Amino acid sequence: MDPNNRPLNGKGRGSFLLEMMKQKAQNERAQTMSHSVETPSVSSTDQTIRSIEQPSRSSEGYSSIASSSSSGGRGRAQLVSLLKSMSSSESDSREPTSLAMGHGRGSLSGLIKKLGKPSTSAQESIEKDSAGVLTKLADISVYDNPPVSDVQSSEDIAPICRQGKSGTKVETFANYIDLKIEPGKGLFQYEVKFSPEIDSVGLRRKLLNQHSATLGRTKTFDGAALYLPIKLSQEVSRYKSEHPMDGSQITLTIIYKKKQSMSENIQFFNVLFNRIMRALSLVRIGRQNFNPKCAHVLPQHRLEVWPGYVTAVNEYEGGLKLCLDAKHRVMRTETVRDLIKEIYHKAQYNYKDAVINEIVGTSVLTRYNNKTYRIDDIEWDKTPRYVFSKGDEKMSLIDYYKSHWNIEIQDQQQPLLVHRSKIRTATGEKEERVILLVPELSYAAGLTDNIRNNYNMMKDLSTVTKMSPDQRREVIRRFVEEVEKNEVTRELLSEWGLRMNSDIVQFTARCLDPEEIRFGNLKIHKSPDRPADWSSTAVKNPMLRTPNLTRWHIVYCTRDENCVTDFLKLLQQVSRSIKMQIQEPRRVSLKDDRTETYLREIQNSISNDIELVVVVFPTNRTDRYSAVKKLCCVQKAIPSQVIIAKTISKPPKLKSVTEKIALQINCKLGGALWTVSMPLEEVQEKA
């Protein structure tokens, strides 16, 4: 026995063996310290090493050996069996040795010497660890896929011809502009690692921005992935940054991953063009951008027409293209409060119903934040004095607009407008949010029914909004010129290597022959003048498959009884022309328009023999509509048709609206309107 390993305090062989086992564990832990991911305890280190040495015996360990050694005796016998088990577990993967093992104390001494030798199996397995399981956590890549070679650009791939032979060829233009990418530029993806680790994304950006002179100021960085318009000279680059707080040195490792394909960059290019629109001082309303500086003013009608654009970038055969079209937005120069006062002077007795019919369902613009809202309802019982909670503070709408927007509300008795929007919560569910608007600060946007019914007003608007193809082409050309003249927008494109063509794309199209539309009773429609429109013919011919409607209910508010009666009379006339038999329904009149009232009455009226439920709403409310559809579609599984009273309360348009509703009811009951001749046999043969 080696005298250097003799314990200082002699307490028998047990204390000597315990000291030897501790020494062995310390040696193995020192050897694997630079390779293991983390070493929380001695036992976890031992288990990690043993799992590497004996993958087929992952369940073995010191604890399992000790627990299973009770059959080997007690005292020295148990100690010897324990050492034999440890020795045999280490020597399974090696070649058998010719060393003869003794018995008794001699075998104990031999086992101790054998255990004292360093094991090379752990080192060999660590060297062969190609998966990076035991590497440092900071060295592990966040990307699953290895770097790939640069993707071939779609501009270099010839478009696939998918044209047929029928029809006549015509030369056409499309509202698309080719986006050219400069040679050597694109969207190159890099991974950025920090040593030591930095958790804050803002601090990571500051450390990376210290090397803008080398990387360039044009980049996109989200904290881990870096996108550059050019490829760096080296695959792996290292930079030294100074920590802004303590001045320590931070090492940045930038690793090249790949050059992204155009299909992966679509969202990036759309965001880039949104920045271009903002640089051109355009106002974003919804998903469209308008220019209030070039508004066409119609003072005789108190209207403004804002010109604008709708854009979308996508990849097509032949490269990247920008879809651009001209758009107009009709804005009122008077507020919603002015409209309410005007309607009140015309009809003081039932002015609330007139205001609802005129305003509910339209869009308004709040000029203090340039946002548009859809008006879903009117709160007649609430005024700008309404108090709401903002955080821990309670304030009225008057105080809110005064403190946040420096706006003083003049009329403190006006009702409030209601807008219901859906927001997505942190759990991914959709939640309805109610926004109250002040009519005095809301400007009507879009066309109302009064404007549409005014012939002179619509005629003057059409001179501005209706554009010929040549005029649309000229608008697109002017947009390209504005982008090229503006220094900011020109730099935004050039920094990412983009350039727009000066004109729209041109290609060869085919004009197909009109198809035969087949209705019921072998009726055939073929119109060479308007081959793509047969809506008027659909309501004058029998439908292809017509189910009859005999047992159905109609639910409505008492105040809408007159328009419901007119609708039912006209529905009987329309049903005869389309050869559909519709019996008189059971009427269910409601005293109020609460959602609970609708649900209760529909629940009570639904039975097993009911074929359809028609529900008439006085106003368009998303929550009420969703509740009724959930009851009819999910809980009761019965066809339903929802109608807004406003759409059936106008006699001039009642016939066309009733015809469309009749066609919808036919389809919901399992009917079919029309069909076309399709050569299915030839299709199967070709397939």
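**Cores and a hairpin in a predicted model**

Q: In the hairpin of E13 and E14, which residue takes a positive phi?
A: The hairpin has four residues between the strands E13 and E14. Strands (E, at least two residues) and helices (H or I, at least four) are DSSP runs, numbered from the N terminus. The residue with a positive phi, near 55°, is Asn370.

This is a predicted model: local features need pLDDT of at least 70, side-chain atom pairs count only at pLDDT 80 or more, and totals for chains, interfaces and linings use all residues. Residues are numbered from 1 along each chain as its sequence is written, and side-chain values use heavy atoms, with hydrogens and water left out.

Q: How many bridges join E13 to E14?
A: Strands pair if DSSP finds at least two bridges between them. E13 (residues 363-366) and E14 (residues 371-374) run antiparallel. Leu365 stands opposite Thr372 in E14. The bridges number four.

Q: Which residue in E20 stands opposite Ser363?
A: E13 also pairs with E20 (residues 442-445), in the antiparallel sense, over four bridges. Opposite Ser363 stands Ala445.

Q: Which helix gives the most to the largest nonpolar core?
A: A nonpolar core is a set of buried Ala, Val, Leu, Ile, Met, Phe, Trp, Tyr and Cys residues joined through side-chain atoms within 4.5 Å. Buried means under 20% relative accessible area (1.4 Å probe, protein chains only). The largest core has 32 residues; Phe269, Phe273, Phe479, Leu493 and Met500 touch the most other members. With seven residues, the top contributor is H9.

Q: Which residues does Phe273 touch, not counting those up to four places away in sequence?
A: Contact means heavy atoms within 4.5 Å. Phe273 touches Leu179, Val313, Leu322, Leu493 and Met500.

How values were computed. Buried < 20%, exposed > 50% of the residue type's maximum accessible area, 1.4 Å probe, protein only.
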